[in-house]
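Here is a small set of exercises to work through with the structure open beside you. Try each task on your own before reading its solution.

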Amino acid sequence: MGLDVGSKTVGVAVSDLLGWTAQGVEIISINEDKGEFGFDRLKELVQEYEVEQFVVGLPKNMNNTIGPRAEASLAYGAQLETLFGLPVAYQDERLTTVQAERMLVEQANASRAKRKKVIDKLAAVMILQNYLDRASKL
């Protein structure tokens with residue numbers, strides 16, 4: 001299961017049974033201020049899709065350092081490990097949201113409002129697909 005963790009939403013993607021392709025599932029709303037991180041919904045999705053591992057996007061800074069958003073993603077991943085007992089891998093996600101938005105503009109010609117509704121899910125797909133592609137080459 002690939003996750004694009006933001007401050008307000010978590011984009012969710014899963015792979016096919018063979019681990020070749022990633023498909024978007026949904027966007028889960030979260031509220032960090034209220035301590036709502038979408039773990040209840042993730043639990044349902046983990047069971048439904050028989051998830052064996054999480055791949056969390058790691059939004060490093062362009063100079064490869066870890067900033068506040070990457071620290072938040074690492075903390076989210078640590079919570080996933082604790083709550084679900086499943087391994088968590090991290091995938092560098094620099095520019096995936098930019099790439100996702102560019103794809104939506106160029107290919108789907110989607111309006112800003114429509115892009116906002118799907119961008120995190122598409123970013124999760126890209127995070128997971130990049131991970132799957134990298135793992136298949138090992």
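The exercises below concern a predicted model, and each task is followed by a worked solution.

**Exercise 1. The sheet**

Work out in which order the five strands form the open sheet, and find the strands that stand at its edges.

*Solution.* Start with the order, which is β3-β2-β1-β4-β5, with mixed pairing. Next, look at the two ends of that order: β3 (22–29) and β5 (88–92) each have a single partner strand, so one side of each is left without a neighbour in the sheet. Neighbouring strands are turned by 25 degrees against each other on average, direction ignored. Now pick one pairing: β1 (residues 2–5) and β2 (residues 9–15) run antiparallel and are joined by four bridges. On β1, you can check that Gly2 stands opposite Ala13 in β2.

**Exercise 2. Two helices across the sheet**

Determine which strands helix α1 lies across and which strands helix α2 lies across.

*Solution.* Take α1 (residues 39–49) to begin with: this helix lies across β1, β2, β3 and β4 (54–58), and runs at about 160 degrees to β3. Helix α2 (residues 68–84) lies across β1, β2, β4 and β5, at about 165 degrees to β4.

**Exercise 3. The length and sides of α2**

Compare the end-to-end distance of α2 with the span expected from its 17 residues, then decide where its buried residues lie around the axis.

*Solution.* At 1.5 Å a residue, the expected span of α2 is 24 Å; the end C-alpha atoms are 24 Å apart, which agrees. Now list the buried residues of α2: Ala70, Ser73, Tyr76, Gly77, Leu80 and Phe84. These residues cover an arc of only 115 degrees around the axis, which puts them on the same side of α2. Their packing partners are β1, β2, α1, β4 and β5. On the face turned away from this buried side, you will find the exposed residues Pro68 and Thr82. Just after the helix comes Gly85, with a positive phi of about 65 degrees.

**Exercise 4. An aromatic cluster**

Identify the residues that ring pairs link into a cluster, and classify the pair Phe37 and Phe39.

*Solution.* The whole structure holds three aromatic pairs. In the pair of Phe37 and Phe39, the ring centres are 6.0 Å apart and the planes are at 35 degrees, so the pair is tilted. Ring pairs join these two residues and Tyr76 into a cluster. As for accessibility, Phe37 counts as partly exposed because its relative accessibility is 28%, while Phe39 counts as buried at 14%.

**Exercise 5. A contact across the sequence**

Is Ala22 buried or exposed, and with which residues is Ala22 in contact beyond its neighbours within four places in sequence?

*Solution.* Locate Ala22 in strand β3. Its relative accessibility is 12%, so Ala22 counts as buried. Setting aside neighbours within four places in sequence, Ala22 is in contact with Val14, Ser15, Val125, Leu128, Gln129 and Leu132. One of these, Leu128, is 106 residues away along the chain, yet the C-alpha atoms of Ala22 and Leu128 are separated by 6.1 Å.

**Exercise 6. Positive phi without glycine**

Where do Glu50 and Asn64 lie, and what is the phi of each?

*Solution.* Recall that most residues other than glycine have a negative phi. Glu50, in the loop between α1 and β4, has a positive phi of about 50 degrees; at 64% relative accessibility, Glu50 counts as exposed. Asn64, in the loop between β4 and α2, has a positive phi of about 75 degrees; this residue is partly exposed, with a relative accessible area of 43%.

Notes:
Residues are numbered from 1 along each chain as its sequence is written. This is a predicted model: local features need pLDDT of at least 70, side-chain atom pairs count only at pLDDT 80 or more; totals for chains, interfaces and linings use all residues. Side-chain values use heavy atoms; hydrogens and water are left out. Rings of Phe, Tyr and Trp (its six-membered ring) pair if their centres lie within 6.5 Å; planes under 30 degrees apart count as stacked, over 60 as edge-to-face and the rest as tilted. Buried means under 20% relative accessible area, exposed over 50%, partly exposed in between (1.4 Å probe, protein chains only). Two strands pair if DSSP finds at least two bridges between them. Axes are lines fitted to C-alpha atoms, for helices over the stretch in contact, and angles run from 0 to 180 degrees between N-to-C directions. Contact means heavy atoms within 4.5 Å. The expected span of a helix is 1.5 Å times one less than its number of residues. The arc is that of the directions from the helix axis to the C-beta atoms.
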